[in-house]
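Subject: Structure handover and what was found

Dear colleague,

I am passing on the structure we talked about, so that you can open it alongside this message. Please keep it in view while you read.

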Amino acid sequence: MPARNATANRGSSPFRLGPRTLAITLAWLRLTAITGQTLAVLFVAYMVALAIPVRALLAGIGVLLVFEIAMVMRLRLRWPVTEVEAIGHIAVDVLVMGYLLYFSGGASNPFVTLLLVPIALAAAALSRPGIAVVAVLCAAIYGLLLHWYLPLPAMLAGRMADSTLQEIGMAIDFVIAALLLGVFIARLAGALRDEQLRLQRLRERALRDEGILAMATQSAGAAHELNTPLATLRMLLHELIPAPSTCEPLREDLKLMAQQVDRCSEILRDLVAVGRAQLDGDNESLRLGDFVRRCTDRFQLLRPEADTQVQLDAADADLPVRVPAGLQHALINLLNNALDASAQLGSTQVALSARRGTRCLEFRVRDHGPGFADPSRSPDSLGISGKDHGLGIGLALAEATADRLGGDLDAGNATGGGAEIRLRLPLLSLLPEQQGKPVPTAAHCNPEETS
């Protein structure tokens, strides 16, 4: 599970947004401010005919425009945005705003209240020391503007009164503040909710993986300890099998027992092989049809009574795939659960289908059991199709495999009765030429793609 950069924001809430989100929001706000400030200066200078220093004001806006272009180019880079850099962005914006307010009436300008906006943005994304720095900077600019500024010139005769201009400025300031709070702060809040959901999923995944790791550790120990007694049983059973034509029923029973012991040894070898492949990152490449056939053959050896139906298009069967460690066991676990569910209604039929989509490969396992009583519940809390016995880890292991490969696992009732489990994996993670390469986020599956 990726570690969260908690050291950078020590002392802050674990759900605070990062500096990069703040920098992107500031870039959009800065672009809006440049447009609004330019229009305001031109309106006051030429429509209201107020003698303001237009060149000085446009020069400050020009500096802000150059900084905006530089920051847009910088944010396109993959370099991380630190909290110090985000504070630097705010500092430039606040200093330019103070410069513009100095030439337009100082603290008497109704737009001086916009100095509160950087503090609100910092409170949503920075640590407490960062918020304090921004607040002190804004307060210092406001304090300076109380004493040092160029007053606005008096209105010309016949034009609107100064009080009217003040009221218009206050109304515009209110509209701007409302838009900023309603749009950009809402955007930050939405990103915060997304971050909370992501962290919740990471915690749930960590708890599940911790349980699976504990089971894997116990399984490794059990596999090592079972190897010796199984070898002893295999040797004794072969010695106990009587000669042909003597006690034929006993001979057949002992042969069956020997086969089951061999099967147990094979399962233990498979467990070791899967763990070794997982550690080495060495995945086998073969056609999708061969992989599906191998899964069903192994399942038939485990459950010979099963009537397994396979649905696979000829074009998809020739697709070369890189089989990740654990995928075969995940599908066999799903098939085994499906057969147990079908058996509740006296059926031995299960179905396995594989289908290639635009960006993902989907496996579907269907049973002919009673189905889910409440399909809205998660599959790992139900077992499959109301199954009420077993170890209860098959679906958890399958879901862990799907998460590790960037896919997902969901369940629902199938048309015509029974339940259906859908395992979707991003296609790029299964292509042989992608061996060892990270799967881009855009390559992850769309759940509706193969519906």
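What follows describes some helix contacts, then a sheet, and then one residue.

Please bear in mind throughout that this is a predicted model.

I would begin with helix α1, which covers residues 19-47, and helix α2, which covers residues 54-75; their axes come within 10 Å and cross at roughly 155 degrees. Because angles over 145 degrees count as roughly antiparallel, α1 is described as roughly antiparallel to α2. The crossing of α1 past α2 is left-handed. If you would like to find the place where they meet, the residues on the α1 side include Ile-24, Leu-31, Ile-34 and Val-41, while those on the α2 side include Leu-57, Ile-61, Leu-64 and Met-71. Sorted by class, the residues of this contact between α1 and α2 are 17 nonpolar, two polar and four charged.

Helix α1 also meets helix α3, residues 83-102, and here the axes come within 9 Å and cross at roughly 15 degrees. Since angles under 35 degrees count as roughly parallel, α1 is roughly parallel to α3. This crossing, too, is left-handed. Among the residues of α1 that take part are Pro-19, Leu-22 and Leu-26, and among those of α3 are Ala-86, His-89 and Ile-90. The contact of α1 with α3 holds seven nonpolar, two polar and three charged residues.

The next part to look at is an open sheet of five strands, arranged in the order β2-β4-β5-β7-β6, with mixed pairing. Strands β2 (307-312) and β6 (408-413) are its edges, each of them pairing on one side only. From one strand to the next, the twist averages 15 degrees. Within the sheet, strand β5 (residues 360-367) and strand β7 (residues 419-426) run antiparallel and are joined by seven bridges, and Leu-361 stands opposite Leu-425 in β7. Helix α8, residues 288-302, packs on this sheet and touches β2, β4 (349-356) and β5, while its direction makes about 175 degrees with that of β2.

Finally, which helix holds Asn-336? Asn-336 lies in helix α10, which spans residues 327-343. Leaving aside residues up to four places away in sequence, Asn-336 touches Phe-299, Leu-302 and Arg-303. With Arg-303 there is also a polar contact of 2.4 Å, which joins the side chains of the two residues.

With best wishes

Conventions. Residues are numbered from 1 along each chain as its sequence is written. This is a predicted model: local features need pLDDT of at least 70, side-chain atom pairs count only at pLDDT 80 or more; totals for chains, interfaces and linings use all residues. Side-chain values use heavy atoms; hydrogens and water are left out. Axes are lines fitted to C-alpha atoms, for helices over the stretch in contact, and angles run from 0 to 180 degrees between N-to-C directions. Helices (H or I, at least four residues) and strands (E, at least two) are DSSP runs, numbered from the N terminus. Angles under 35 degrees count as roughly parallel, over 145 as roughly antiparallel, 65 to 115 as roughly perpendicular and the rest as oblique. A crossing is left-handed if the near helix is turned anticlockwise from the far one by less than a right angle, and right-handed if clockwise. Contact means heavy atoms within 4.5 Å. Ala, Val, Leu, Ile, Met, Phe, Trp, Tyr, Cys and Pro count as nonpolar, Asp, Glu, Lys and Arg as charged, and the others, Gly among them, as polar. Two strands pair if DSSP finds at least two bridges between them. A polar contact is a pair of N or O atoms within 3.5 Å; within protein, one must be able to donate a hydrogen and the other to accept it, and residues adjacent in sequence count only if both atoms are side-chain atoms.
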